[in-house]
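Student: I should like to work through the internal cavities, one sheet and one enclosed helix of this structure. Could we begin with the term on which the first topic depends?

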Amino acid sequence: MSTQRITTRVETSEPRFVPYPKPGPGAPNVLMVVLDDVGFGQLGCFGSGIATPHIDRLAAEGVRYNRFHVTSVCSATRAALLTGRNHHAVGMGVTQEAALGFPGYTGRIPRSAATLARVLRDNGYNTLAVGKWHLAPKNEYSAAGPFDRWPLGQGFERYYGFLGAETSQWAPELVRDNTHIDPPATPAEGYHLTEDLVDQAIRMVQDQQQAESRKPFFLYFAPGAAHAPHQVGEEWVTPYVGQFDDGWEAWRQRAYDRQVAGGIIPADTVLPERPPWIPDWETLPADQRRLFARYMEVFAGFVTHTDHHLGRLLADLDERGIAEDTIVMLLSDNGASAEGGTTGTLNEAAGWLGLGEDVEESISRIDEIGGQEAYNHYPYGWAWAGNAPLRLWKRYAWLGGVRTPLVVRWGDRLADRGGVRPQFVHAVDLYATILDAAGIEAPETVDGVTQQPVEGASLLPSFAEPAAEEHRLVQYFEMFGSRAIYHDGWMAVTDHVANQFDERAHLLGSHDHDTDRWSLFHIAEDFSESRDLADELPDRVRRLEELWWAEAGRNQVLPLFEFPGSMAHLHPGEFPPPTSGRYAPGGGPVQESQLPALMGGFELTARVVVPEGGAEGVIAATGDRHGGWATYLLDGRLVATVAMLDRTVRVAAAEPVPRGEHVLSVRYEPGRDPRLVLAVDGVDLSAAPLPGLLFFPNLGSSGAGMHVGRDRGISVSRDYAPPFTFTGTLSRVELHSGRPGARPAAGAELRVALAGD
């Protein structure tokens, strides 16, 4: 380029203008919908019988891929979708709660793998993200960041959603752009997360289109549904009452029959028999059958509710006249989840620690399932059924974990609309497909950093030609030690059983990588992995195993995940948890990862002034009655409540705190006789035993924080309703850890880390 001429006068100077980046001609808008924990057979257009009319319409106007594959947990799949690389190759070998100090497990997408959002933004797109993120380490969720791995640090220009693995549908932990915010309404006012997320998505598209409709947009929409907690209004559950009374075997058979009749799966697909770890429905007591059916009724209502509100977003595209110019991709991040255990649970986080409630207690609380009093997840019989006709579920490399629905719509760019595509494809392919459709080349460098090779390949040939040649001949799988390899129509998979959710007490298989057995399936002809050919073709098994090791080495899979050794190498955050902290009312939530550790003992002190007539309200609170703690004045008396997942401990002073300045305190004293102690001005007033593990895994998994001088959402105790703002003067709260660096016991922390997906 020639030198630009600049003189002292405008008329003799040469103006030049830096052009704005633009995608290729006819670049489409892109809407990527990532559902959570929805199995292969849990959408209407994939045979479920659950009402999903809007997704079904999407499939009728587009195409379904019946051999679409993911990684089997959410963080890993989302990383593959957004980078076009295999999950270990970008440091996302497990979930963010289990980020380790090994290259394939850091939980930190490297700068050498710029996301789809970043590449599209750099080429003239507006980039919008709404919903679940789960791509930043949990110790980076705080208001101090670092923000590099939040959505705006990964190429998105707008964000509204939640950072963690999951959150309450009634009272979520929300972030707008880089700021933690309160939900726009309360549970009492009828708030529901899915509805809010759709409202926000519609508003973002409206604002973008009204500002510049000639500029394409990429909207990444990831609702919390249908991850636990399965929560939805009773009006959505009522239509399903009685529909699951004949059990998971019968429901799975009906789903399979619909799949065959609808051409979703090959007509000769074998439906594998019920494995021994799934109870025979007919042998269960009647009250358990009613309980288990209720869990599934709520899940079905949750899915239909999600479909309904997704329909509003799709209708908005229609009303704006841009539906035909928008690629819509709808998928699930992994197969159906079995994290509710054998009998389901009213508190999913308690189940992570093996603290599931007694079935009789669950039966007595059956009407709470789906509402604000429960954090429920169905029994794993429904996960097995929901992945019909496939084996196993989420977290495993079997097809029930890694094969999920994919629906694509792009107007008349698709041939044979309403049809089913049979090509073997993977999550990494969607990145390449979108860039291909937009006429954008994957960059060789971004910000001066050489980019890793893109593993995905474009699906555009199969858009135009239903029988297009399969482009993906090799794909490895690995999650929590469960391994598989695909090669040219064949799949080998190990029988490794992960040490999670007490599954080793139920599932048959190997508990050690050295004893893992490889099964072999010709899945080009055996859609459901029904016939193990390993004994007949040992040489092929050996070659596939060798191929797996080669792919593992190339993609940073090693060292293989093992319990408990892997968790001794958790990747540290920017700063370790402090030993003490000082907090004042008026700020946002202080994230759990940045609070002093509680397990080794703690003392919370509050400096207050009680006015004439007394005071009441929250001093400090975090979490809710599904797991959390709160200190407050009730009728003037100092009270502390700890909701410990499997029990609630409450201690209260006998008399009100008198008028004037006071120092209020709550102490946890661990030891042989652990207790919770209340004191005013250094004088102990009341105490209560506090047995068990003072550990709140749900707080880290959801990205919850401590509020000072108020509460929000669902309260820790039924003593009060949020916000229950403190009515006296609260100058500051101090929290001191009794043992610097106190951490959960290794086994407890591992179970939680592996559960938070």
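Tutor: A cavity is a set of grid points where a 1.4 Å probe fits but cannot get out. The model discussed here is predicted.

Student: What is the volume of the largest cavity?

Tutor: A search of the whole structure finds six cavities of 30 Å³ or more. The second largest cavity has a volume of about 50 Å³. For the largest cavity, the volume is about 190 Å³.

Student: Which elements give two or more residues to the lining of the largest cavity?

Tutor: The lining of this cavity consists of 18 residues, with Ala 171, Glu 173, Gly 623, Asp 624 and Ala 704 nearest the centre. By class, the lining has five nonpolar, nine polar and four charged residues. The elements that contribute two or more residues are strand E22 (617-624), helix H15 (697-702) and strand E29 (705-708).

Student: Which helix supplies the largest share of the lining of the second largest cavity?

Tutor: The lining residues here are Leu 35, Val 38, Leu 43, Ile 55, Ala 225, Ala 226, Val 303, Thr 306 and Asp 307. They divide into seven nonpolar, one polar and one charged. The largest share, three residues, comes from helix H7 (residues 286-319).

Student: Turning to the sheet, which strands stand at the edges of the sheet E15-E16-E17-E18?

Tutor: Four strands form this open sheet in the order E15-E16-E17-E18, with antiparallel pairing. Two of the strands have a single partner each, so one side of each is left without a neighbour in the sheet. These edge strands are E15 (474-479) and E18 (518-521).

Student: Which residue in E18 is the bridge partner of Ala 492?

Tutor: Strand E17 (residues 490-494) and E18 run antiparallel and are joined by four bridges. In E18, the partner of Ala 492 is Leu 520.

Student: At what angle to E16 does helix H14 run?

Tutor: Within the sheet, neighbouring strands are turned by 15° against each other on average, direction ignored. Helix H14 (residues 538-554) lies across E15, strand E16 (482-487), E17 and E18. Its angle to E16 is about 105°.

Student: Why is helix H12 largely enclosed by the rest of the structure, and which residue follows H12?

Tutor: Ten of the eleven residues of H12 (residues 428-438) are buried, so the helix is largely enclosed by the rest of the structure. Among the buried residues are Asp 429, Tyr 431 and Thr 433. The residue after H12 has a positive phi, near 70°, and is Gly 439.

How values were computed
Residues numbered from 1 in each chain as written. Predicted model: local features only at pLDDT ≥ 70, side-chain atom pairs only at ≥ 80, totals over all residues. Heavy atoms only, no water. 1 Å grid on protein atoms, 1.4 Å probe; cavity = no way out; pocket = protein on both sides within 12 Å on 5 of 7 lines; lining within 4 Å. Points joined across faces, edges and corners; volume = space filled by probe spheres on them. Nonpolar A, V, L, I, M, F, W, Y, C, P; charged D, E, K, R; others polar. Pairing = 2+ DSSP bridges. Axes fitted to C-alpha atoms, helices over the stretch in contact; angles between N-to-C directions. Contact = heavy atoms within 4.5 Å. Buried < 20%, exposed > 50% of the residue type's maximum accessible area, 1.4 Å probe, protein only.
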